[in-house]
Amino acid sequence: MALPDCTVGFIGCGNMGGAILKGILNAQSGQSIEQSKISRFIACTKTAASSDRLKDSISPENQAKVHFTHAQSLRAMQDADVVILGFKPYMAEDILGQKGVLEALQGKLVISLLAGQTPKALAGYIQAGEELEAESGREPVIVRVIPNMGAQYLQSMTVIDTDNKALPPHMAEILEYIFEQVGAVKYVASDLFDLGSMIVGASMALLTVPIEGLLDGCVAEGMRRADAMEIVLQGLRGLTAVLESGTHPAVLREQISSPRGCTIQALMTLEREGSRSDFADALVNGTRHLKKSDK
């Protein structure tokens, strides 16, 4: 694999894989070949209908950079220089256990987006049932990576397992390039990787719960949901800016709360209901579930 002459293949290109693909394509728009580093993409989906939906969601000028295919995962692995595993985690054994996968992936960078599947487990599926062994120094290099759905809008946070920090330079370069095109990158220690995965991925879903609660309250008090959403979203942007400046959340709450004010009344309501501990428990339970899946 010589940069920028690199083909990236997505094995499974649904919600997450599609978000990353579209994010990279959008980020590369207007870049020269030398700047873009990736010359071609392969998007392999499970069904023809999924492939058609993905193609229709990509602009015509970007479609030319992507080879769309379905039910051809082995061929896509053979043709790609870098392979991104974006299918459902429970499908790993069936897809990676196909005869010929080990040979197709020898010496290649394999980026796994599969929550709860360790590189060791994936390597076991690849090796299972194969008569040949990977040549010494030519084993697939499997990296655990978890981005989030913000990738499509170039606002992902992607966590990368530090077990792979000693990657060959050309692999480290393309790995970081791919995910820096769609947002920020953070290396996380292996023993904290499941927690990092929860923070990156599940927290987006968890935070929609209080947001919907705020919107429901606005509607109950007479405001249109669309108007309330506009106000709340700008408030979230402001919250992000304040927290990024280094202000602690507790300090921010104190700064906003006035004696006998509405903010302290609202905060006391949340504290009485134990909302903070509910979110803590949700994150802990999700992380423990992931750790069970890893075993």
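Let's begin at a well-exposed spot: Arg260 has a relative accessibility of 86% and counts as exposed. This is a predicted model, and Arg260 makes a good entry point to it for another reason too. Its backbone has a phi near 60°, a positive value in a residue other than glycine. Most residues other than glycine have a negative phi. As for its place in the chain, Arg260 is found in the loop between α12 (249–256) and α13 (262–273).

Leu154 invites the same kind of look. Phi of Leu154 is near 65°, again positive in a residue other than glycine. Leu154 sits in the loop between β6 (141–146) and β7 (156–161). Is Leu154 buried or exposed? Neither label fits: with a relative accessible area of 33%, Leu154 is partly exposed, because that class takes in values between the 20% limit for buried and the 50% limit for exposed.

Now step back to the whole chain. Its secondary structure comes to 14 helices and eight strands. The C-alpha trace spans about 75 × 45 × 35 Å along its principal axes. Of the 295 residues, 37% count as buried. The accessible surface comes to about 16400 Å², and carbon and sulfur atoms hold 55% of that. How much of the contact network joins residues 24 or more positions apart? Among contacts with a separation of 6 or more, such pairs account for 77%.

With that overview in hand, let's go to the start of the chain. An unreviewed UniProt entry carries a "binding site" annotation that covers Ile11, Gly12, Cys13, Gly14, Asn15 and Met16. From this set, Ile11, Gly12, Cys13, Gly14, Asn15 and Met16 are taken in by the lining of the second largest pocket. Two of these residues show how the setting varies along the stretch. Ile11 lies in strand β1, which runs over residues 7–11. Gly14 is found in the loop between β1 and α1 (15–28).

Why does Ile11 count as buried? Its relative accessible area is 2%, and the class holds residues under 20%. Leaving aside residues up to four places away in sequence, Ile11 touches Cys44, Ser73, Ala76, Met77, Val83, Ile84, Leu85, Gly86, Phe87 and Ile95. Gly14, by contrast, counts as partly exposed at 43% relative accessibility.

One of the residues that Ile11 touches, Ser73, brings us to helix α5, which covers residues 73–79. Here Arg75 forms a salt bridge with Asp79, and their closest N and O atoms are 2.9 Å apart. Side chains of opposite charge can pair when their charged atoms come close. Both Arg75 and Asp79 lie in α5, four residues apart, about one turn of the helix. Asp79 counts as partly exposed, at 33% relative accessibility.

How many salt bridges does the structure hold? There are six, and two others deserve a visit. Arg224 pairs with Asp227, the closest N and O atoms being 3.0 Å apart. In this pair, Arg224 counts as exposed at 53% relative accessibility, whereas Asp227 is partly exposed at 33%. Further along, Arg276 forms a salt bridge with Glu271, with the closest N and O atoms 2.5 Å apart. Arg276 is exposed, with a relative accessible area of 53%, while Glu271 is partly exposed at 45%.

We can finish with the region that UniProt, in an unreviewed entry, lists as "domain: Pyrroline-5-carboxylate reductase dimerisation", residues 192–290. Over residues 192–290 the chain is 85% helix and 0% strand. The C-alpha atoms at the two ends of this range are 11 Å apart.

Helix α11 spans residues 225–244, and Leu236 has its place there. Which residues join Leu236 in a nonpolar surface patch? Met229, Leu233, Leu239 and Leu243 do, and the patch they make with Leu236 is about 350 Å². Leu236 itself is partly exposed, with a relative accessible area of 32%. That value lets Leu236 be part of the patch, because patch residues must have over 30% relative accessible area.

Key: Residues numbered from 1 in each chain as written. Predicted model: local features only at pLDDT ≥ 70, side-chain atom pairs only at ≥ 80, totals over all residues. Heavy atoms only, no water. UniProt positions renumbered as here; feature names shortened; annotations may be inferred. 1 Å grid on protein atoms, 1.4 Å probe; cavity = no way out; pocket = protein on both sides within 12 Å on 5 of 7 lines; lining within 4 Å. Buried < 20%, exposed > 50% of the residue type's maximum accessible area, 1.4 Å probe, protein only. Contact = heavy atoms within 4.5 Å. Patch = residues over 30% accessible without salt bridge, like charges linked within 9 Å, V, L, I, M, F, W, Y side chains within 5 Å. Areas by Shrake-Rupley, 256 points an atom, 1.4 Å probe, with all protein chains shown as cover. Salt bridge = Lys/Arg side-chain N within 4 Å of Asp/Glu carboxyl O.
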